[in-house]
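Please take a moment to look over the sequence and the model below before reading on. The paragraphs that follow go through the surroundings of a bound molecule and then turn to a pair of side chains elsewhere in the discussion.

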Amino acid sequence: DTPEERYLKSSLRPDFHWGFATAAAQVEGAAFTHGKGLSCWDTFCHIPGKIKDSSTNDDSCRSYDFYKQDVALMKSYGVTAYRFSLAWSRIIPLGGADDPVNEEGIKYYSDLIDELLANGITPFVTLFHWDIPQTLEDRYLGMLNQERYTPDFLRYARLCFSRFGDRIKHWITYNEPGVYTLAGYAAGVHAPGRSSFRDRNAEGDSSTEPFIVAHTELVTHGLAAKLYKQEFQPTQKGTIGITLHGNWSEPWDISDLLDVAAAERAREFEIGWFAEPLYGSGDYPASMRAQLGDRLPTFTEEEKRLVRGSSEFYGMNTYTSFFVRHRDSPPDINDHKGNIEVFDKNKSGVSRGEESDTQWLRTAPWGFRKLLRWIWNRYHIPIYMTENGTTAKGEKEPSDTILNDTHRVEFFRGYVGELAKAVKEDGVDIQSYFAWTFTDNWEWAAGYTDRFGVTYIDFDSPKKTRYPKRSAYFLQDFFSHLIAE
Ligand code: GBH
């Protein structure tokens with residue numbers, strides 16, 4: 001042990017949860033079988049040119065077939081919890097409030113939950129990790145139509161609470177509502193692939209749609225949370241919240257007040273967009289209203305009351321940190337970031353961190369603790385870390401060293417260490433850490449080229465054979481040291 005490791009020993013509460021997070025569309029496979037309906041990703045990934053390696057998620061990790069083996073492997077890694085998402089179209093194939101239920105899909109999740117509990121692993125469930133039923137897109141453009149979408153989502157939520165809630169005590173309504181809307185309706189690189197500036201042939205209006213979809217997510221999160229609290233919580237005694245994505249933005253020139261303001265604006269556009277209505281003022285940040293005007297929807301008083309205070313914890317996904325510089329020119333109509341520019345180095349040439357196999361992702365734990373403090377100071381709400389992880393340099397192709405993933409080990413050492421310091425020294429209330437992710441999986445538009453797992457998967461083998469990497473055992477070791485007995 002280093003002196004720092006000795007200092008951090010037992011700094012996490014005895015009931016601290018740690019484990020891995022996954023998403024249905026990235027791991028399950030069985031995309032067209034066992035009664036499942038199509039999700040937006042099942043159609044999107046079959047459109048030529050959308051996925052980097054032209055792959056699909058039809059099979060991915062086949063965790064639908066191998067869930068028992070996966071639970072056993074997770075147990076061997078020493079986890080205490082597992083965060084996974086439900087595929088709405090597996091449970092209600094056509095998605096709508098009056099559409100039939102697929103009992104086989106319900107049984108799959110029910111069996112998975114039982115298997116986890118039988119192995120002493122606490123399940124955390126995400127209702128929506130980006131895979132809306134395709135039928136709801138076809139019927140009314142999904143979340144662009146708040147009025148028609150609302151009853152469909154609430155019926156799905158209610159069904160999940162009633163069928164799994166006897167055993168699920170941690171519910172997350174939406175995963176990264178901001179990423180869902182920006183990637184799907186601005187950049188257009190995720191389903192449903194709408195963008196008015198990336199591709200002149202694509203449909204959509206990126207100057208308004210991302211904000212409309214975000215509004216739908218916030219309000220329907222609020223409605224689902226209210227439903228849970230009124231009808232299920234009194235007997236089931238679980239907790240419900242949302243998971244937001246956010247990376248730390250640091251001023252490019254710390255002595256330039258314009259960059260300092262730009263970094264704060266970047267955080268408000270990325271995080272405050274959701275966090276202010278949920279945990280803060282109850283409305284969108286003033287900086288967003290100032291830049292976007294009427295293109296940003298307005299909350300009715302009723303919506304405000306519904307959304308504010310609805311999330312019982314702050315689910316946090318974070319991967320990296322950036323340097324941020326102000327722009328002198330006025331913001332573009334399709335700007336969603338607060339009129340800023342991002343950089344890998346600051347003014348003095350200091351790098352934000354070591355490179356991975358993924359262009360946007362560098363190891364930058366120095367910003368993680370700042371982010372934790374920023375959230376905690378503003379909102380004072382318990383934090384569940386629901387995703388954090390990395391690809392490692394050189395894992396795109398099989399190699400002799402792929403299982404000895406030093407880069408990923410050092411990433412986790414940095415991030416989990418900062419987490420422990422935030423708890424011990426800053427008094428931040430952090431109750432879980434889910435690493436992204438358990439096995440290599442289907443990384444959305446990047447296909448199988450970006451490997452985020454602590455377990456290597458041979459995707460060419462019929463059984464998608466799994467091989468533990470060193471980082472899996474590192475996490476086990478580190479957490480047994482950090483969590484108090
Ligand atoms: C998470 O999002 C997701 O929840 C998870 O499903 C995913 O597998 C994991 O991260 C790893 O990526 O290419 O420059 O346009 C993380 C947030 C935000 C990261 C959008 C990638 C695109 C940057 N993501 N970002 S860019």
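In this predicted model, the ligand is surrounded by 14 residues, and the closest of them are Q26, E176, E387, E443 and W444. Sorted by class, this shell is made up of seven nonpolar, four polar and three charged residues.

Some of these surroundings can be followed atom by atom, beginning with Q26, where an N or O atom of the side chain is 2.8 Å from an oxygen atom of the ligand. The side chain of E176 also offers a polar atom, which lies 2.9 Å from an oxygen atom of the ligand, while for Y319 the distance from a polar side-chain atom to an oxygen atom of the ligand is 3.2 Å. As for how far the ligand is covered, it would expose 580 Å² if taken alone, and the protein buries 71% of that area.

The next topic is the cysteines. A disulfide is a covalent bond between the sulfur atoms of two cysteines. How many disulfides does the model contain when a pair of cysteine sulfur atoms has to lie within 2.5 Å to be counted? The count comes to zero. C40 is in no disulfide, and the cysteine sulfur nearest to its own, that of C45, is 9.9 Å away. Seen from the other side, C45 is likewise in no disulfide, with the sulfur of C40 as its nearest cysteine sulfur at 9.9 Å.

Are these two cysteines buried or exposed? C40 is buried, because its relative accessible area is 3%, and C45 also counts as buried, with a relative accessibility of 6%.

Methods
Residues are numbered from 1 along each chain as its sequence is written. This is a predicted model: local features need pLDDT of at least 70, side-chain atom pairs count only at pLDDT 80 or more; totals for chains, interfaces and linings use all residues. Side-chain values use heavy atoms; hydrogens and water are left out. A residue is near a molecule or strand if one of its heavy atoms lies within 4 Å of it. A polar contact is a pair of N or O atoms within 3.5 Å; within protein, one must be able to donate a hydrogen and the other to accept it, and residues adjacent in sequence count only if both atoms are side-chain atoms. Accessible areas come from the Shrake-Rupley method with a 1.4 Å probe; for residues, only the protein chains shown count as cover. Ala, Val, Leu, Ile, Met, Phe, Trp, Tyr, Cys and Pro count as nonpolar, Asp, Glu, Lys and Arg as charged, and the others, Gly among them, as polar. A disulfide is a pair of cysteine sulfur atoms within 2.5 Å. Buried means under 20% relative accessible area, exposed over 50%, partly exposed in between (1.4 Å probe, protein chains only).
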